[in-house]
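These are my notebook entries from a session spent looking things up in one structure. I went from place to place and wrote down what I found.

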Amino acid sequence: MIISMRPHATKEQIDHVCERIREFGYKVHSIQGEERVVIGVVGVGDVTACLESLEATPGVESAVRISAPYKFVSREFKNDHSVLRINGNEIGGDEFVVMAGPCSVESERQIMETAEGVAEAGAKMLRGGAFKPRTSPYDFQGLEVEGLKLLSKAKEATGLGIVTEIMSDRDVDLVAEYADVMQVGARNMQNFALLKSLGGCGRPVLLKRGMSSTIKELLMSAEYVVAHGNPNVVLCERGIRTFETATRNTCDIAAVPVLNELTHLPVVLDPSHATGKRSLVPALARAAVAIGADGLLLEVHPCPEKAFSDGAQSLNLEEFRGMMKMLEPYISLWKETRAAAAVPAV
Ligand code: PEP
Ligand code: MN
């Protein structure tokens, strides 16, 4: 159940509602939204009696039963597609947002050149890892704080918002100082301590699907962040592990419309990690536009052959410009469809 309080409900009314819910044997998760307090009700009890009682309680605007295990992120809770405002851009609205940049921040020259190049070609946000989750402990682990500072410099120079990965709940405050969007990587999708602490980080979260995670598990992870106080979550399909070896991962392209049916949260696609091969990135990017994603997260490097990580799947700046040009007519159609339907494009 989700209980939405009226915008001007008093603290006494809210406390009283929480008390009533507990009397029915349920647990309470209350979230202070921009306009109103929303209370998530979880546990086992007499749903019908509880709903009836709450509907008649002062200060309550609506009380609805949510059958999905993920409550706040479900379409049952909120039918309208969520629009997140990030650094002057909107994700989930009427702009197709491209977030591009290197896998890892490597040097001032590399990040500045990339930022300027991707901004000029039409990207709205700069991605780049300062804390890198690497399979081998001997591989480059990221420039850490130094990398975050370089991302800030690139933001100052170009105005691009910054998307960067957070790997540990210990670093949340540090990364939030520099990031406009906190990226949770595939390997940390079920790092529940991290997800909980991102509930209070004050920044939108870009949650990547774990490489062996179901769509339901992805949504449950998003629910952690929202239930802990942060409604601003973007989901990212980045490919999953299958028996196929021709690509680094298998892009579950159907995850985009599936998620659009199940959740109101914006959904973006990462064609770089989904394929592992730069030659395949533009085709998948086009598919993302066509299938109604809200944007792209992809890897671009001024000199992919020299990249410290993921060079094989990174476009160079010229290839990125070419891809953006190729996408133009598809994005125009995307905008028309979105404006006409005011729902995700199909
Ligand atoms: C990345 O975006 O560079 C990254 C590590 O991605 P993923 O978590 O999807 O593997
Ligand atoms: Mn990468």
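**Entry on serine 82.** I began with serine 82, which I found in the loop between strand E4 (60-64) and strand E5 (84-86). I kept in mind from the start that this is a predicted model. Is serine 82 buried or exposed? Its relative accessibility is 8%, and because buried means under 20%, serine 82 counts as buried. I then looked for a partner of its side chain, and I noted a polar contact of 2.7 Å that joins the side chains of serine 82 and lysine 78.

**Entry on methionine 125.** Next I turned to methionine 125, which lies in strand E8, a strand made of residues 125-127. I read a relative accessibility of 0% for methionine 125, so this residue counts as buried as well. I also looked up how far methionine 125 is from glutamate 55: the two are 70 residues apart along the chain, and their C-alpha atoms are separated by 43 Å.

**Entry on two residues with positive phi.** Here I wrote a reminder to myself before going on: most residues other than glycine have a negative phi. Asparagine 87, however, has a phi near 50°, which is a positive value in a residue other than glycine. I located asparagine 87 in the loop between E5 and strand E6 (89-91), and with a relative accessibility of 33% asparagine 87 counts as partly exposed.

The other residue on this page is glutamate 144, whose phi is near 55°, again a positive value in a residue that is not glycine. I found glutamate 144 in the loop between E8 and helix H4 (145-158), and I noted that glutamate 144 is partly exposed, since its relative accessible area is 39%.

**Entry on ligand 1.** Which residues come nearest to ligand 1? There are 13 residues around ligand 1, and of these Arg127, Ala186, Arg187, Lys208 and Arg238 come nearest. I sorted the residues of this shell by kind and wrote down three nonpolar, three polar and seven charged.

I then looked up polar side-chain atoms that lie beside oxygen atoms of ligand 1. For lysine 132, a polar side-chain atom lies 3.0 Å from an oxygen atom of ligand 1. For glutamine 183, an N or O atom of the side chain is 2.9 Å from an oxygen atom of ligand 1. For lysine 208, a polar side-chain atom lies 2.9 Å from an oxygen atom of the ligand. I next asked how much of ligand 1 the protein covers. On its own, ligand 1 has 290 Å² of accessible area, and the protein covers 97% of that area. My last note on this page is that the space taken by ligand 1 is the second largest pocket.

**Entry on three more loops.** I found asparagine 249 in the loop between strand E12 (233-237) and helix H8 (255-262). Asparagine 249 counts as buried, because its relative accessibility is 5%. I compared its place with that of serine 272, and the two residues are 23 residues apart in sequence and 9.6 Å apart in space, from C-alpha to C-alpha.

Glycine 229 has its place in the loop between helix H7 (215-227) and E12. Is glycine 229 buried or partly exposed? I read a relative accessible area of 36%, so glycine 229 is partly exposed. Between glycine 229 and glutamate 328 I noted 99 residues in sequence and 37 Å in space, C-alpha to C-alpha.

I closed with aspartate 169, which lies in the loop between strand E9 (161-165) and helix H5 (172-178). Aspartate 169 counts as partly exposed, with a relative accessibility of 38%. Although aspartate 169 and leucine 195 are 26 residues apart along the chain, I found their C-alpha atoms separated by 8.0 Å.

How values were computed
Residues are numbered from 1 along each chain as its sequence is written. Chains are lettered from A and ligands numbered from 1 in the order in which they are written. This is a predicted model: local features need pLDDT of at least 70, side-chain atom pairs count only at pLDDT 80 or more; totals for chains, interfaces and linings use all residues. Side-chain values use heavy atoms; hydrogens and water are left out. A residue is near a molecule or strand if one of its heavy atoms lies within 4 Å of it. A polar contact is a pair of N or O atoms within 3.5 Å; within protein, one must be able to donate a hydrogen and the other to accept it, and residues adjacent in sequence count only if both atoms are side-chain atoms. Accessible areas come from the Shrake-Rupley method with a 1.4 Å probe; for residues, only the protein chains shown count as cover. On a 1 Å grid over the protein atoms alone, a cavity is a set of points where a 1.4 Å probe fits but cannot get out, and a pocket is an open set with protein on both sides within 12 Å along at least five of seven lines; lining residues have an atom within 4 Å of a point. A molecule sits in a cavity or pocket if more than half of its atoms lie within 2 Å of its grid points. Ala, Val, Leu, Ile, Met, Phe, Trp, Tyr, Cys and Pro count as nonpolar, Asp, Glu, Lys and Arg as charged, and the others, Gly among them, as polar. Helices (H or I, at least four residues) and strands (E, at least two) are DSSP runs, numbered from the N terminus. Buried means under 20% relative accessible area, exposed over 50%, partly exposed in between (1.4 Å probe, protein chains only).
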